[in-house]
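I opened this model to see how its parts are arranged and how they meet. My entries follow in the order in which I looked things up.

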Amino acid sequence: MRIFGDSISGNCLKVKWTADHLGIRYDWVETNILEGQSRTPDFLAMNPAGQVPTILLDDGRTLAQSNAIILYLAEGSALVPKDAFARAKMMEWLFWEQYSHEPYVAVARFQVRYLGRSPTDLEARIVERGHAALSRLDAATAENRFLVPGGVSLADVALIAYTRVAHEGGFDLDRYRHVRRWIADTEAALGI
Ligand SMILES: N[C@@H](CCC(=O)N[C@@H](CS)C(=O)NCC(=O)O)C(=O)O
């Protein structure tokens with residue numbers, strides 16, 4: 001399998017960490033999004049959305065969307081709860097991450113760290129919603145060691161990706177002590 005990913009992207013690192021944790025072999029193809037390498041004709045033939053991460057399986061099939069990819073890779077492993085309700089809870093976090101966390105926490109980081117914008121110049125809505133997402137995570141991790149009770153799961157993989165670097169977008173993680181504890185526990189559990 002080949003993983004097309006940019007190492008600056010949390011969405012791509014989710015895929016790398018999942019594969020590494022599960023001992024899945026792959027070739028990493030560094031794809032620089034700032035240089036438009038996900039928008040070349042060859043790349044668009046693989047993923048018309050022009051985005052990383054994208055994986056290319058040995059039989060030629062391709063798959064995009066970080067959370068779809070990690071779900072595919074982790075099928076049958078301990079990162080996906082066996083119990084139907086716990087699995088659905090994990091999915092609840094995965095969908096929430098894409099709609100209510102990543103568009104704010106990751107976008108703020110991208111604008112500050114990679115586009116050179118000052119955190120004080122970020123759109124107020126991005127900052128507000130980013131803090132709302134971090135507050136929700138703080139409340140959840142005050143109650144449970146991992147997001148889905150029972151052990152580390154893909155919910156933690158997906159949410160840690162941009163949360164652990166939220167400070168790079170101007171979010172002060174000192175305000176979220178349960179989140180900081182959860183980041184440390186999740187990093188240890190995943191070996192990242
Ligand atoms: N929802 C998608 C988001 C993918 C995405 O936005 N990828 C960004 C990097 S994090 C990208 O490829 N940007 C380059 C571009 O759109 O040209 C996922 O979770 O994989």
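**Where the two domains meet**

I began with the contacts across the domain boundary, and found 16 residues of domain 1 in contact with 18 residues of domain 2. The model is a predicted one, and I read every value below with that in mind. The domain assignment of the chain gives domain 1 as residues 2–74 and domain 2 as residues 84–190. Taken over C-alpha atoms, the centres of domain 1 and domain 2 are separated by 21 Å. I then looked up the area buried between domain 1 and domain 2, which comes to about 1400 Å², with carbon and sulfur atoms giving 66% of that area. On the side of domain 1, the residues that lose the most area to domain 2 are Ile8, Trp17 and Asn67, and together they make up 35% of what that side buries.

**The sheet**

Next I traced the strands, and noted that four of them form an open sheet in the order β2-β1-β3-β4, with mixed pairing. Which strands stand at the edges? They are β2 (27–30) and β4, and each has a single partner strand, so one side of each is left without a neighbour in the sheet. Neighbouring strands of this sheet are turned against each other by 20 degrees on average, direction ignored.

I looked more closely at the pair formed by β3 and β4, which run antiparallel and are joined by three bridges. Within this pair, I noted that Leu56 has Thr62 in β4 as its bridge partner.

In strand β2 I picked out Asp27. Leaving aside its neighbours within four places in sequence, Asp27 is in contact with Met1, Arg2 and Ile3. I also checked Asp27 against Phe4: the two are 23 residues apart along the chain, and their C-alpha atoms are separated by 8.5 Å.

**Helices across the sheet**

I turned to α1 (residues 10–22), which lies across β1 (2–5), β2 and β3 and runs at about 150 degrees to β1. Helix α1 has 13 residues and reaches 18 Å from its first C-alpha to its last, close to the 18 Å expected at 1.5 Å a residue. I listed its buried residues as Gly10, Asn11, Cys12, Lys14, Val15, Trp17, Thr18 and Ala19. These buried residues of α1 pack against β1, β2 and β3, and also against the helices α3, α4 and α6. I marked Trp17 twice in my notes, since Trp17 is among the buried residues of α1 and is also one of the residues of domain 1 that lose the most area to domain 2.

Helix α3 lies across β3 and β4, and I recorded that α3 runs at about 125 degrees to β4.

**Two backbone details**

I checked the backbone for unusual geometry and found a cis peptide bond joining Val52 and Pro53, with omega at about 0 degrees. Pro53 lies in the loop between α2 (41–46) and β3 (54–56). I also noted Gln65, which has a positive phi of about 75 degrees although Gln65 is not a glycine. Gln65 lies in the loop between β4 (62–64) and α3 (66–74). Is Gln65 buried or partly exposed? With a relative accessible area of 46%, Gln65 is partly exposed.

**Helices of domain 2**

I then followed α5 (residues 124–143), whose 20 residues reach 29 Å from the first C-alpha to the last, close to the 28 Å expected at 1.5 Å a residue. Its buried residues are Ile126, Gly130, His131, Ala133, Leu134, Leu137, Asp138, Ala140 and Thr141. Against which helices do the buried residues of α5 pack? I found α4 (84–114), α6 (154–163) and α7 (177–190).

In helix α4 I looked up Gln111, which counts as buried at 15% relative accessibility. Not counting residues up to four places away in sequence, Gln111 touches Gly116, Arg117, Leu122 and Ile126. Ile126 had already come up as one of the buried residues of α5.

My last entry concerns Met91, also found in helix α4, which counts as partly exposed at 24% relative accessibility. Met91 and Tyr162 are 71 residues apart along the chain, and I noted that their C-alpha atoms are separated by 17 Å.

How values were computed. Residues numbered from 1 in each chain as written. Predicted model: local features only at pLDDT ≥ 70, side-chain atom pairs only at ≥ 80, totals over all residues. Heavy atoms only, no water. Helix = DSSP H or I, 4+ residues; strand = E, 2+ residues; numbered from the N terminus. Buried < 20%, exposed > 50% of the residue type's maximum accessible area, 1.4 Å probe, protein only. Expected span 1.5 Å × (residues − 1). Contact = heavy atoms within 4.5 Å. Pairing = 2+ DSSP bridges. Axes fitted to C-alpha atoms, helices over the stretch in contact; angles between N-to-C directions. Domains from an automatic or database assignment. Buried area = accessible area lost by both parts, 1.4 Å probe.
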